[in-house]
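Reader: Hey, got a minute to go through the charged pairs in this model with me? Pull it up and we'll start there.

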Amino acid sequence: MTAEISALDLEEAGAVLAAESARFASFGWMRGTSGNLSVVLSREPLRLAVTASGHDKGELTPADVVLVDGRGAAVGDGRPSAEAELHARVAALTGAGAVVHVHTVASVALGHRHPGGIVFKDLEMLKGVGQPAHDVEVTLPVIANSQDMKVLGDRLEAAREPRMPAVVVAGHGLYVWGDSPRQARHHTEVVEWLLELELTRR
């Protein structure tokens, strides 16, 4: 454990992430051990609590998190999600306080259909990501998948739309972020609603 992050800090973050994970799992968005969540614990240096690898996301406990650094590497004990590096990259790039990664059917299906991005407009639900409901188009970026988190992070940085706190990874799932776990959850639910609506339209 690093001096700046206590065991209690990590346990409290774990309790929050366990609750958020159970919620997403109940929606069928984190089936089995899929998906991962993180929350920023410090900025200087960057430290995040990330859900541990290989755990059922509907059954996480406060102990099922790992402290990672700005490169997504474990600081101390535990094995974080393989995508911890991307969580750290998103937090550094966007200033987010929490990152959500879920595997939803709508995000995967629409990522295949719209590799250039998914456009939304004239929808009240856009207010949920801080955009006007009318007279504006907002694009949810879609990027190609990679098992190399550096490559994936570069693609996310190049494609990022500042007005949309999310990106679809084609064939994989959805990354969403916010200032806090609660805001990241709200953004995730709103973006997934938009995706599900688009899926039913087509």
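Author: Sure: the side chains of K121 and E137 meet in a salt bridge, 3.4 Å from N to O. A salt bridge here is a side-chain nitrogen of Lys or Arg within 4 Å of a carboxyl oxygen of Asp or Glu. K121 lies in strand β5 (residues 118–121) and E137 in strand β6 (residues 137–140), so the pair ties together parts 16 residues apart in sequence. Strands are DSSP runs of E, at least two residues; helices are runs of H or I, at least four, and both are numbered from the N terminus.

Reader: What should I know about the model before I trust that?

Author: It's predicted: local features need pLDDT of at least 70, side-chain atom pairs count only at pLDDT 80 or more, and totals for chains, interfaces and linings use all residues. Residues are numbered from 1 along each chain as its sequence is written, and side-chain values use heavy atoms, with hydrogens and water left out.

Reader: Ok. How many salt bridges does the rule give?

Author: Nine. One of them joins R185 and E20 at 2.8 Å, N to O. R185 sits in helix α5 (residues 181–201) and E20 in helix α1 (residues 7–26), 165 residues apart.

Reader: Is R185 buried or exposed?

Author: Buried, at 16% relative accessibility; E20 is buried too, at 9%. Buried means under 20% relative accessible area, exposed over 50%, partly exposed in between (1.4 Å probe, protein chains only).

Reader: Switching topic: which strand does β1 form a hairpin with?

Author: β2, with two residues between them. Those two pair antiparallel over five bridges, where a pairing needs at least two DSSP bridges.
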